[in-house]
Amino acid sequence: AHVLGLFAREGQTADLVFPRALLEAAEAAGCRSRQGRHVGVDVSRAGGDECVAALWEDGVKTDESAWTSPDLMDTADRIYALAARWGEVAPAPGLVVPLPGERVHVDVVGLGGGVVDRLRQRGLCADGVDFGASPAGDWPDLIGETRFGGRRDELHWGLRRALQEGYGHLPARCAESRREAAW
């Protein structure tokens with residue numbers, strides 16, 4: 001694809017889910033989301049892929065951690081520690097409360113199911129997100145009546161619409177994430 005690929009030029013991005021112009025406009029507009037902190041996790045076990053956990057605060061990606069481990073229990077322990085480190089600041093000065101499990105979203109396709117089970121066993125009721133499932137119909141006010149082939153398509157389109165409506169952005173300093181979004 002890199003040798004013979006046909007790449008979209010500026011102005012020819014109608015078929016892209018996340019064109020560069022959209023990412024730049026969303027960042028310039030700022031964000032009006034007040035959803036608090038959420039962590040999204042993609043689990044990997046072998047090969048060249050890394051496990052990645054990203055912290056989103058009110059719709060803006062603010063931190064990320066990546067690691068490689070063949071041990072799913074180690075991965076679960078790392079996610080648990082990140083949920084504690086990225087916890088919410090409580091009303092009392094200096095008091096930090098760990099993120100609640102429903103705000104820790106783990107891709108359960110493949111190996112992620114075991115990680116979610118371990119997190120739940122440790123008391124963190126993580127939200128298992130099945131990217132291979134059927135669409136769930138979330139956010140009808142944001143997405144509309146559009147039909148999707150699967151949950152992954154629905155979630156990507158939901159993020160596009162959130163960027164368009166000012167509910168979030170992916171900062172320019174997250175260059176790797178922006179590059180992957182353009183894929």
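1. The side chain of Ser-69 comes within 3.2 Å of the backbone nitrogen of Asp-71, and a further polar contact, at 2.9 Å, links the side chain of Ser-69 to the side chain of Asp-74. These values, like everything that follows, come from a predicted model, and they should be read with that in mind. Ser-69 belongs to the loop between β3 and α2, and with a relative accessibility of 6% Ser-69 counts as buried, since the cut-off for that class is under 20%. Once neighbours within four places in sequence are set aside, Ser-69 is in contact with Ser-44, Arg-45, Asp-74 and Thr-75, so that Asp-74 appears both in this list and as a polar partner of the Ser-69 side chain.

2. On the overall make-up, the protein contains 6 helices and 7 strands, and along the sequence these elements follow the pattern α-β-β-β-α-β-β-β-α-β-α-α-α. Of the 183 residues, 34% are buried. Among contacts with a separation of 6 or more, 48% join residues that are 24 or more positions apart.

3. The sheet deserves a careful description. It is an open sheet of 5 strands in the order β3-β2-β1-β6-β7, with mixed pairing. The strands β3 and β7 occupy the edges, and because each has a single partner strand, one side of each is left without a neighbour in the sheet. From one strand to the next the twist averages 20°.

4. The individual pairings show where the mixed character of the sheet comes from. Strand β1, residues 37-42, runs antiparallel to strand β2, residues 51-57, and 6 bridges join the two; within this pair, His-38 stands opposite Trp-56 of β2. On β1 there is also a parallel pairing, made through 3 bridges to strand β6, residues 104-107, in which His-105 of β6 is the bridge partner of Gly-40. The strands β2 and β3 pair in the antiparallel sense over 7 bridges, and here Ala-53 has Ser-65 of β3 as its bridge partner.

5. Two helices pack on this sheet, and their contacts can be followed strand by strand. Helix α2, residues 72-85, touches β1, β2, β3 and β6, and its direction makes about 150° with that of β3. Helix α3, residues 112-121, touches β6 and β7, and in this case the angle of about 150° is taken with the direction of β6.

6. The largest nonpolar core has 21 residues, and those with the most contacts inside it are Val-106 and Leu-119. The elements that give two or more residues to this core are β1, β2, α2, β6 and α3, and the largest share, 5 residues, comes from α2. Leu-119 may be taken as a point of entry for inspecting this region: apart from neighbours within four places in sequence, Leu-119 is in contact with Ala-76, Ile-79, Tyr-80, Val-106, Leu-124 and Ala-126. There is also a second, separate core of 5 residues, which includes Phe-18, Leu-22, Leu-23 and Ala-26.

7. Two backbone conformations merit a second look by anyone checking the model. Most residues other than glycine have a negative phi, yet Asp-58, which is not a glycine, has a positive phi of about 50°. Asp-58 is found in the loop between β2 and β3, and at a relative accessible area of 25% Asp-58 is partly exposed. Trp-139, also not a glycine, likewise has a positive phi of about 50°; this residue sits in the loop between β7 and α4, the latter covering residues 140-143. With 41% relative accessibility, Trp-139 counts as partly exposed.

8. A last point concerns the cysteines, for a reader who may wish to know about covalent links between them. The number of disulfides comes to 0 when a pair of cysteine sulfur atoms must lie within 2.5 Å. As for surroundings, Cys-51 counts as buried at 1% relative accessibility, whereas Cys-125, with a relative accessible area of 52%, is exposed.

Notes
Residues numbered from 1 in each chain as written. Predicted model: local features only at pLDDT ≥ 70, side-chain atom pairs only at ≥ 80, totals over all residues. Heavy atoms only, no water. Pairing = 2+ DSSP bridges. Helix = DSSP H or I, 4+ residues; strand = E, 2+ residues; numbered from the N terminus. Buried < 20%, exposed > 50% of the residue type's maximum accessible area, 1.4 Å probe, protein only. Axes fitted to C-alpha atoms, helices over the stretch in contact; angles between N-to-C directions. Contact = heavy atoms within 4.5 Å. Core = buried A, V, L, I, M, F, W, Y, C linked by side-chain atoms within 4.5 Å. Polar contact = N/O pair within 3.5 Å; in protein donor to acceptor, adjacent residues only side chain to side chain.
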